[in-house]
Amino acid sequence: PSLTAEHVLDAIENFTPLPSRQNMIGSVDGVHFIDDALASNPLATIAAIERFADAPLIVIMGGQDRTVDYTELIEVLNTQQHVAAVVLLGGSDDALAHRIESLLHKCHRVFTHDVQDAVRMALSLATKGSNIILSPAAPTPSHIGDYTHRSDAFHKAMVQASSLS
């Protein structure tokens, strides 16, 4: 059978995205939450930043340092007008967080890998209509688990924030 417009339309309408890949998961007081915890490299985070250019964006990122090049991502974070802030996860001895923090002019640092702390900070920086995205650009540190652990923590932090509003 040949591919028809109806087949394409059906595929688009019934598309199920990958879990934790640029998924809008909810809103709290007009601030939208996007789960992109699967983005474990700089190019994936760049793609997410480009996709959500329609509103102020607060990017939560950081994780295990694999010594990959973050130059292009840092350039995008610094120059894209819609990127309002970056909240960096990472302990005080975290080499990746330190390297990124030193090169970003709109960076806020959470000296922990606790996603809930990062969400609290991101919410304090957000305005109504903003997007908060968890798009780490690095793998989840092994002592925390994998991307699903951070995804779950992001979801829980959003739910907790909504119960406080």
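Which residue in β2 does G26 stand opposite? In this predicted model, G26 faces F33 of β2.

**The sheet**

The pair β1 and β2 runs antiparallel and is joined by five bridges. Two residues lie between the strands of this hairpin, where D29 takes a positive phi near 50°. Strands of a sheet pair through backbone hydrogen bonds, either parallel or antiparallel.

The hairpin belongs to an open sheet of six strands with mixed pairing, in the order β1-β2-β6-β3-β4-β5. At the edges stand β1 (23-28) and β5 (107-110); each has a single partner strand, so one side of each is left without a neighbour in the sheet. From one strand to the next, the twist averages 20°. Towards the β5 edge, β4 (residues 83-89) pairs with β5 in the parallel sense over four bridges, and L89 stands opposite V110 in β5.

The two pairings can be set side by side.

| Pair | Sense | Bridges | Residues opposite each other |
|---|---|---|---|
| β1 and β2 | antiparallel | five | G26 and F33 |
| β4 and β5 | parallel | four | L89 and V110 |

**Helix α6**

Helix α6 (residues 147-164) has 18 residues, which at 1.5 Å a residue should span 26 Å; the end C-alpha atoms are 26 Å apart, so the two values agree. Within α6, the residues R150, S151, F154, A157, M158 and A161 are buried. These residues cover an arc of only 125° around the axis, which puts them on the same side of α6. K156, V159 and S163, on the other side of α6, are exposed.

What covers the buried residues of α6? The cover includes the strands β1, β2 (31-35), β3 (57-61), β4 and β6 (131-134), together with helix α5 (115-125).

**The nonpolar cores**

In soluble globular proteins, nonpolar side chains tend to be buried together. Here the largest nonpolar core has 24 residues, and those with the most contacts inside it are I49, V59, M61, Y70, L73, L77 and I100. Two or more residues each come from α2 (42-51), β3, α3 (71-79), β4 and α4 (95-103). The largest share, four residues, comes from α3.

Leaving aside neighbours within four places in sequence, L77 is in contact with I49, V59, M61, V83, V86, L104 and K106. A second, separate core has 21 residues, including A37, A85, L89 and A161. Of these, L89 is the residue opposite V110 in β5, and A161 is one of the buried residues of α6.

How values were computed:
Residues numbered from 1 in each chain as written. Predicted model: local features only at pLDDT ≥ 70, side-chain atom pairs only at ≥ 80, totals over all residues. Heavy atoms only, no water. Pairing = 2+ DSSP bridges. Axes fitted to C-alpha atoms, helices over the stretch in contact; angles between N-to-C directions. Expected span 1.5 Å × (residues − 1). Buried < 20%, exposed > 50% of the residue type's maximum accessible area, 1.4 Å probe, protein only. Arc of directions from axis to C-beta. Contact = heavy atoms within 4.5 Å. Core = buried A, V, L, I, M, F, W, Y, C linked by side-chain atoms within 4.5 Å.
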